[in-house]
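The following exercises concern helix packing and the surroundings of single residues. Please consult the sequence and the structure while working through each solution.

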Amino acid sequence: MNKQQLAAKIWESANQMRSKIEASEYKDYILGFIFYKYLSEQELKLLISDGWDEETLPLVTEEDQETVRYIQDRLGYFISYPNLFSTWIEHEKEFDVSNVREALSAFGRLISNTHRDVFDGIFETLETGLSKLGDSAQSQTKAIINLLQLIKDIPMDSKQDYDVLGFVYEYLIGMFAANAGKKAGEFYTPHEVSVLMSDLVANHLKDRKEIKIYDPTSGSGSLLLNIGESASRYLESKDRIQYYAQELKRNTYNLTRMNLIMRGIKPSNIFTRNADTLEDDWPPNETKLGMPLYVDAVVSNPPYSQKWDPEGKRNDPRYRRYGVAPKTKADYAFLLHDLYHIKPDGIMAIVLPHGVLFRGGEEGEIRKNLIENNNIDTIIGLPANIFYGTSIPTIIMLLRQKRENNDVLIVDSSKYFEKSGKSNVLRASDIKRIRDVVVSRKTIDKFSRTVSLEEIRANDYNLNIPRYVDSSEPTETWDLYASMYGGIPKSELSRFDVYWKNFPNLKKKLFNEKNDSYVSVKGNDLKQIFEEDSDIYSFKKAFYKESNSFESDLKQRLIEGMMEVDLNREEDDLGNLLFHKLKEFSLIDRYEAYQILDNHWKVILGDLENIQNESERALTKVDPNLVMKKKNGKDVETQEGWKGHIIPFELVERRYFTEEFKKIEQLEQHIYQIDNEIQEILENLDEEEKENLANEEGTQFVTSNLTNRIKEFKKDKDDDELLKKLNEANKLLKEQKAIQKEIKTSKENIHAMTKDKLESLSIEEAKALVYEKWISPLMDQLNQIPQNVMEKLKKQLEQLEDKYSETLNDLDDQIHQTEQELAKMIDDLTGNEYDMKGLEAFKSLLGY
């Protein structure tokens, strides 16, 4: 299975296993054991490469001091053979929770002095929390064995380039965060926000030979790692990045270190501290030459509006140029800390609550100083409810020490997201839309604007986004003249100017001039008008030409060159290619097209990872189709046939076994006809007979009841007509059963033939099917875009026509006619004296 499937499977099992343990705590156990497995396999790989084998490996113990020092010098730690993860798995029957306690204690003793900062106390959370896995040693042992079995198949060899391990680890952190409620905010920045910040920072750093990056509230370390991943695309080697991380909470600090180490980052490039960032800044003696820590980029997602102690901070070099944040809200304290630590040509990105843009007092003074010192580069308003544990609106702020321009780019992306359960999520297209506008610093209506220093001063340094970018939908207005006399105001047609520009003759075909300011609709068959318009035809033709070209590129790059695809860069490259091909189409939202690409890329990427790791023969592999079934009250994994490793059976069946499926369809149609005949017989029985012969719902014959009743009739011979009906029903049921058996046998045969056919396909035949899986559905959706554009226009024009189709004069006439009819009806009514007086008064009210 690919890394996405593996991660999902581990999460599903882990979530079931955690029972009543909080998600925010359980993550420490499973992630801790994954890390221990990683360290064990790194040591095992080193030993095997040096010639150790199954016979000599058991000799790797603490008593062999030479081997201990050898491994410590290369890895920074030592794990004896009995304590290796693989040994635990191999000797599972003898395994006990005490093995874990002894192994973790030994690990702490045997860290190399040169690596103590990286590894010291890293298993503290796991070690102290083992007792929560059960109320006895036996139950704790069982829980740990289940965890070990769950994670034993995660690949961690160098061939995978840490990608699978990193993905699984990140996936689990994210899923635990989603289930941890408010506690998630302590350790996790949602992946999509992290990717956005990473892309923005990496773009600024792209021309550097080596970089230092720092996260002063590092949490799990995911944000820091994503920045490093994005920045590494522009560097010769990942080893050119140094990572600095500081975190207050000990268990979260351990997550940071584990995450960094498992991504293959050299310990010499990892610098971490477990300390309070605001109270205990990175001391100069921990940097070269005893200088303050200055880095190329700082990224952070600090706790929002946290209380802090500003006492004695006015002369702190981090704050003295700008001011000190109020004790009730440390947001600007974190921001100024980050700003202090970037180099003059560096950049910082920080997530903050929306209030920092407009709150007054000390914060207003700090904000004024930041603006006047030209530090604020960009403000990005994010959608609400995008972070775990809080629904408050948040922003990303980019700041720099030195800038050439003195305007501020303000982006309102609050309307661009996708609902996911209770949360909102940034889509790939949303991230690209924001990234592109920040890089280009473009002003886009209702989305972004560069604001001058003079305008910000005029607004008293208030940076509240709606003051500068109005992303609200326009309020609907009603034209008085059109409401009274009909017609459509030309002013309301102006919002379709982009369509009139692309289709110059369409407007004349749709409307007649009523007077200087109003038009009327010529006809209501918009579909036919659109189909016959030559400009619309040319628009679609031009689009399909570029679409076909893009399809050819996809085939060449992904199908023909599947073994050479750069999986880290390909989606970006394809996205840029798609944007280039659609650049002349002003009616088409290129980000919509990019989102379609991204939706399909997830499937393509998972398949390509398997193909590149296993060779092109992976295309023709089949796997057991494993499903969970209840057995003795327990969920048991059971095989039900086979499935394609890459190519779904359905694609093979559709191409090679269509005739066989047509026969099955004919048999199923026959069953449907038989069922109708049986139902007709059942419906014609009287209620007493139906009750005796049918199920409780009265919808189907019970075969045994029907057989017994027929036997009774044969003895009594009291109703030949009813017996005839029951015999017919019995005959039909037998025929139906036989056909169902034939269908089942046919499907089993086709399934077996499909397996054989898939395994015997040539590579070229398999690639043709992969094309059907990857590219055909992608292109079907892309090619639907022009039609969607025209459907949108058609719907908007119909709504505009409906808006003024019924005038107030028409309504007045209808009201008058209704009143007349009502008055006439009153004249036909009769009643007592008082009824008649009441009716007369009502007629008078109507004006009759």
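**Exercise 1.** Determine which residues of helix 22 meet which residues of helix 23, and describe how the two helices are arranged.

*Solution.* The model is a predicted one.

Step 1. On the side of helix 22, the participants are Glu 546, Ser 549, Phe 550, Asp 553, Leu 554, Arg 557 and Leu 558; on the side of helix 23 they are Glu 570, Asp 573, Leu 574, Leu 577, Leu 578 and Lys 581.

Step 2. Sorted by character, the residues of this contact comprise six nonpolar, one polar and six charged.

Step 3. Helix 22 spans residues 534-560 and helix 23 spans residues 570-581; their axes come within 10 Å and cross at roughly 160°.

Step 4. Angles over 145 degrees count as roughly antiparallel, and helix 22 and helix 23 are therefore roughly antiparallel to each other. The crossing of helix 22 past helix 23 is right-handed.

**Exercise 2.** Classify the packing of helix 10 against helix 11 from the angle and the distance between their axes.

*Solution.* Step 1. Two packed helices are described by the angle between their axes and the distance between the axes. For helix 10 (residues 191-205) and helix 11 (residues 222-232), the angle is about 40° and the axes are 8 Å apart.

Step 2. This angle makes helix 10 oblique to helix 11. Helix 10 passes helix 11 in a right-handed crossing.

Step 3. Helix 10 contributes His 191, Ser 194, Met 197, Ser 198, Asp 199, Val 201 and Ala 202 to the contact, while helix 11 contributes Ser 222, Leu 223, Asn 226, Ile 227, Ser 230 and Ala 231.

Step 4. The residues of the contact of helix 10 with helix 11 divide into six nonpolar, six polar and one charged.

**Exercise 3.** Is Pro 216 buried or exposed, and which residues does Pro 216 touch beyond those up to four places away in sequence?

*Solution.* Step 1. Pro 216 lies in the loop between strand 1 (211-215) and helix 11.

Step 2. Buried means under 20% relative accessible area; Pro 216, with a value of 1%, is therefore buried.

Step 3. Not counting residues up to four places away in sequence, Pro 216 touches Gln 246, Glu 247, Thr 277, Val 298, Val 299, Ser 300, His 337 and Asp 338.

Step 4. Asp 281 is 65 residues from Pro 216 along the chain, and the C-alpha atoms of the two are separated by 9.0 Å.

**Exercise 4.** Describe the surroundings of Lys 313, and identify the side chain with which its own side chain makes a polar contact.

*Solution.* Step 1. The loop between strand 4 (295-300) and helix 13 (331-340) contains Lys 313.

Step 2. The relative accessibility of Lys 313 is 8%, so this residue counts as buried.

Step 3. Leaving aside neighbours within four places in sequence, Lys 313 is in contact with Leu 278, Glu 279, Trp 308, Tyr 319 and Val 324.

Step 4. The partner sought is Glu 279, whose side chain makes a polar contact with the side chain of Lys 313 at 3.3 Å.

**Exercise 5.** State the phi values of Asn 374 and Tyr 461, and place each residue in its loop.

*Solution.* Step 1. Asn 374 is not a glycine, and its phi is positive, near 60°. Tyr 461, also not a glycine, has a positive phi of about 65°.

Step 2. Asn 374 is situated in the loop between helix 14 (361-372) and strand 6 (376-381). Tyr 461 is found in the loop between helix 16 (453-458) and helix 17 (480-485).

Step 3. Asn 374 counts as buried at 16% relative accessibility; Tyr 461 is buried, with a relative accessible area of 11%.

Notes. Residues numbered from 1 in each chain as written. Predicted model: local features only at pLDDT ≥ 70, side-chain atom pairs only at ≥ 80, totals over all residues. Heavy atoms only, no water. Helix = DSSP H or I, 4+ residues; strand = E, 2+ residues; numbered from the N terminus. Buried < 20%, exposed > 50% of the residue type's maximum accessible area, 1.4 Å probe, protein only. Polar contact = N/O pair within 3.5 Å; in protein donor to acceptor, adjacent residues only side chain to side chain. Contact = heavy atoms within 4.5 Å. Axes fitted to C-alpha atoms, helices over the stretch in contact; angles between N-to-C directions. Parallel < 35°, antiparallel > 145°, perpendicular 65-115°, else oblique. Left-handed = near helix turned anticlockwise from the far one by under 90°. Nonpolar A, V, L, I, M, F, W, Y, C, P; charged D, E, K, R; others polar.
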